[in-house]
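Colleague: Hey, got a minute to walk me through this one? I'd like to get a feel for how it's put together.

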Amino acid sequence: MAHVRTLFFDGPLAESENKAFRNAQLGRPSDVIWNITNRCNLLCDHCYMAADGHALPDQLTDEETIEIVHRMGEAGVPVVFLSGGEPMMRSNFWEILEEINKQGVRPTVSTNCTMITPEVAKRLASYGVRWIATSVYGPAEFHDAMVGVPGTHERVVGAIKALRAEGIGVVLKTALSKDTWPYIFDIIGMAKDLDCGMVYICDLITAGRSEGGDDSRVSVEQWRELADYIVRDMLDPEMKFEYDIGAIPSVIPYIAEQFIANGVDVSKGLERLKTISACPVGKGHMNLNSAGGIMPCQFAQDWVVGNIREMSFAEATEALYQIDLEESEGQCAPQACEYSRICRGCRAKAWQRTGDAMAEDVTCILHPGEQRTIPVADPQSAHRSPSAPCAAPGGCG
């Protein structure tokens, strides 16, 4: 994930991102995405978890979730994303949220919004929630068919209005595929019309219910068309809208090239990308599943480096940073692409396709033979993540 405006300009997430960036520099957890439950009340066609109404038999107990929140506070985790499944289906959701707020950790909730009423929106605001992320895939009939429950689109729109009335920012998410491509620019327009502030566009992840659907991804040319649109939008001085790009990190150096061509100074963003690359795997970014599994990426639920029940946050962070000491292969290798260390390619896609997290990302929208315009460092001198994270005073525990 990469917030384009915040990365290259001054975006709405600057405060949180600065805290995450400082943690990454010190070898601490920069952020945590936590799937607190696998249960969901929708049946989305493309769900990478294949979530349904059932909880995993070994999911964390209520007591364990609160203990983990305390440990997050002690570890200095700046931001936690509560996700699922549908996180609000977890019986102690509000207790978790209350404790996160007490620990001084900034919470964001990723929800399908079907359980959010005006009263719930008020309660979320009182618990310190500043951002909600929710999904839309197209017009009402198409969206409802994709998620498997009629009336969902209407409920999402109502929830967004209730959240904005309470001053809570909304990220409108969508998964980009051949099915959703015809609606992508309408979804961006919808986000702006509803005063959402940000749209998160994620390339299709072919896992869970979408496993084997690689031919459903949009083309390189379509991703470039979308990236060019984002650049034009960002260059409009009246537009303050934020874009977040997921699971296709090569879009970020492509966008940087377009900014350079338009005379924009991208040095700030490039410096940050040396510490937290466009694919954040191994860069302090941590994912926890509902059973406590520690994952380098939420999109690869079977890629686990340990369990938070048995590892401290310091040990978990160290295990994740070790991944960054390896080099990507094929067209993502440093000798093949000078953007290797600021992009990295999507490590989750490599893992899903080959079982090797360092394999090349075949969905890259750049081509190694083309002239490059970004002034990046020699691959041999590029930044490496700390080999001994949490060694600084006050490090994670």
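**Pocket, sheet and a loop**

Modeller: Sure. Keep in mind that this is a predicted model. Let's begin with the second largest pocket: 20 residues line it, and T206, A207, K349, Q352 and R353 lie nearest its centre.

Colleague: How much space lies in that second largest pocket?

Modeller: About 290 Å³.

Colleague: And what does its lining have by class?

Modeller: The lining of the second largest pocket has 8 charged residues, along with 6 nonpolar and 6 polar ones.

Colleague: OK, on to the sheet. In what order do the strands run?

Modeller: It's an open sheet of 11 strands, in the order β1-β8-β7-β6-β5-β4-β3-β2-β9-β10-β11, with mixed pairing. β1 (2–3) and β11 (306–307) stand at the edges with a single partner strand each, so one side of each has no neighbour in the sheet.

Colleague: Which way does β1 pair with β8, parallel or antiparallel?

Modeller: Antiparallel, over 2 bridges, with β8 covering residues 242–246. In β8, D244 is the bridge partner of H3.

Colleague: Which strands does helix α12 touch?

Modeller: Helix α12 (residues 313–324) packs on the sheet against β2 (31–35), β9 (285–288) and β10 (293–295), and its direction makes about 115° with that of β9.

Colleague: Now β4. How many of its residues are buried?

Modeller: 5 of the 5, so β4 is largely enclosed by the rest of the structure.

Colleague: Which way do they point?

Modeller: R106, T108 and S110 point one way, while P107 and V109 point the other way. That fits a general pattern: side chains in a regular strand alternate between the two faces of the sheet.

Colleague: How do β3 and β4 pair?

Modeller: In the parallel sense, over 4 bridges. V80 stands opposite P107 in β4.

Colleague: What do the buried residues of α4 pack against?

Modeller: They pack against β2, α3 (62–75), β3 (79–83), β4 (106–110) and α5 (118–126). The buried residues of α4 (residues 93–102) are F93, W94, I96, L97, E99 and I100. After α4 comes G104, with a positive phi near 80°.

Colleague: Last one: where does V264 lie?

Modeller: In the loop between α10 (251–261) and α11 (267–275).

Colleague: Is V264 buried or exposed?

Modeller: Buried: its relative accessible area is 16%, and the cut-off for buried is under 20%.

Colleague: What is V264 in contact with, leaving aside its neighbours within four places in sequence?

Modeller: V264 is in contact with F9, L235 and F259. Also, V264 and F8 are 256 residues apart in sequence, yet 9.0 Å apart in space, C-alpha to C-alpha.

Key
Residues are numbered from 1 along each chain as its sequence is written. This is a predicted model: local features need pLDDT of at least 70, side-chain atom pairs count only at pLDDT 80 or more; totals for chains, interfaces and linings use all residues. Side-chain values use heavy atoms; hydrogens and water are left out. On a 1 Å grid over the protein atoms alone, a cavity is a set of points where a 1.4 Å probe fits but cannot get out, and a pocket is an open set with protein on both sides within 12 Å along at least five of seven lines; lining residues have an atom within 4 Å of a point. Grid points are joined across faces, edges and corners, and a volume is the space filled by probe spheres set on the points. Ala, Val, Leu, Ile, Met, Phe, Trp, Tyr, Cys and Pro count as nonpolar, Asp, Glu, Lys and Arg as charged, and the others, Gly among them, as polar. Two strands pair if DSSP finds at least two bridges between them. Contact means heavy atoms within 4.5 Å. Axes are lines fitted to C-alpha atoms, for helices over the stretch in contact, and angles run from 0 to 180 degrees between N-to-C directions. Buried means under 20% relative accessible area, exposed over 50%, partly exposed in between (1.4 Å probe, protein chains only).
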